[in-house]
Amino acid sequence: MKCEAEGKILQELGRRVGKTRDGREWESIDYLLQEDNDIYHYHLRFTMTSFDGPVIDAPRLGDRVRVWFTVRATQWQGKWINSVNAHRVERII
């Protein structure tokens with residue numbers, strides 16, 4: 001499922017780094033976004049991942065961004081878990 005959201009980065013929730021099986025470095029960063037809405041302030045937790053080293057031009061706390069993301073469900077230990085993976089993040093001026 002492909003989706004889009006726009007809002008402000010409230011928090012960086014954590015970074016993970018590692019190496020792929022073929023020895024390339026990867027990085028994954030989780031963010032909390034507060035969507036722009038006059039009535040409700042919805043929140044979205046999403047992940048940016050790079051399999052070619054560090055995430056380039058990662059958003060910072062307080063940045064207004066537009067995020068294009070994919071929502072997927074996977075089964076783990078008998079439970080279904082949703083993941084929200086950003087495939088494009090653009091700063092809004």
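**Group meeting: salt bridges and local contacts in a five-strand chain**

Let me begin with Arg-88, which at 43% relative accessibility counts as partly exposed. The model I am presenting is a predicted one, and Arg-88 is a useful entry point to it. The side chain of Arg-88 meets that of Glu-90 in a salt bridge, with 2.9 Å from N to O. Glu-90 is likewise partly exposed, its relative accessible area being 27%. The pair belongs to one network, in which salt bridges that share partners join Glu-4, Glu-6, Asp-36, Arg-64, Arg-66, Arg-88 and Glu-90. Arg-88 has a further partner of another kind: its charged end sits over the ring of Trp-68, at 4.1 Å from the ring centre.

Let me now set out the chain as a whole. Its secondary structure consists of five strands and zero helices, so that, read from the N terminus, the order of elements is β-β-β-β-β. Along the principal axes, the C-alpha atoms fill a box of roughly 45 × 35 × 20 Å. Of the 93 residues, 30% are buried. The accessible surface amounts to about 6900 Å², and carbon and sulfur atoms contribute 50% of that area. Among contacts with a separation of 6 or more, 53% are made by residues 24 or more positions apart.

I return to the charged residues. In general terms, side chains of opposite charge can pair when their charged atoms come close. How many salt bridges does a search of the whole structure find? The search finds 14. I shall take two further examples.

The first example is Arg-45 with Asp-30, where the closest N and O atoms are 3.0 Å apart. Because Arg-45 lies in strand S3 and Asp-30 in strand S2, residues 25-35, this salt bridge ties together parts that are 15 residues apart in sequence. Is Asp-30 buried or exposed? At 5% relative accessibility, Asp-30 counts as buried, since the cut-off for that class is under 20%.

The second example is Asp-36 with Arg-64, whose side chains meet in a salt bridge at 2.2 Å, N to O. Asp-36 is in the loop between S2 and S3, whereas Arg-64 is in strand S4, residues 64-76, so the pair ties together parts that are 28 residues apart in sequence. Asp-36 is partly exposed at 40% relative accessibility, and Arg-64 is partly exposed at 33%. Both residues are members of the network that I described for Arg-88.

Turning to aromatic residues, a search of the whole structure finds two aromatic pairs. One of them is formed by Tyr-40 and Tyr-42, with 5.7 Å centre to centre and 35° between the planes, and is classed as tilted. Tyr-40 has a relative accessibility of 49% and counts as partly exposed. Tyr-42, at 44%, also counts as partly exposed.

Finally, I would draw attention to Ser-50. Where does Ser-50 lie? Its place is in strand S3, which covers residues 43-50. With a relative accessible area of 15%, Ser-50 is buried, because that value falls under the 20% cut-off. A polar atom of the Ser-50 side chain lies 3.0 Å from the backbone oxygen of Gly-53. Beyond its neighbours within four places in sequence, Ser-50 is in contact with Glu-25, Trp-26, Glu-27 and Val-55.

To close, I repeat that this model is predicted; I have described Arg-88 within its salt-bridge network and Ser-50 in strand S3.

How values were computed. Residues numbered from 1 in each chain as written. Predicted model: local features only at pLDDT ≥ 70, side-chain atom pairs only at ≥ 80, totals over all residues. Heavy atoms only, no water. Helix = DSSP H or I, 4+ residues; strand = E, 2+ residues; numbered from the N terminus. Buried < 20%, exposed > 50% of the residue type's maximum accessible area, 1.4 Å probe, protein only. Polar contact = N/O pair within 3.5 Å; in protein donor to acceptor, adjacent residues only side chain to side chain. Contact = heavy atoms within 4.5 Å. Phe/Tyr/Trp six-rings, centres within 6.5 Å; stacked < 30°, edge-to-face > 60°. Lys NZ or Arg CZ within 6 Å of the ring centre and 35° of its normal. Areas by Shrake-Rupley, 256 points an atom, 1.4 Å probe, with all protein chains shown as cover. Salt bridge = Lys/Arg side-chain N within 4 Å of Asp/Glu carboxyl O.
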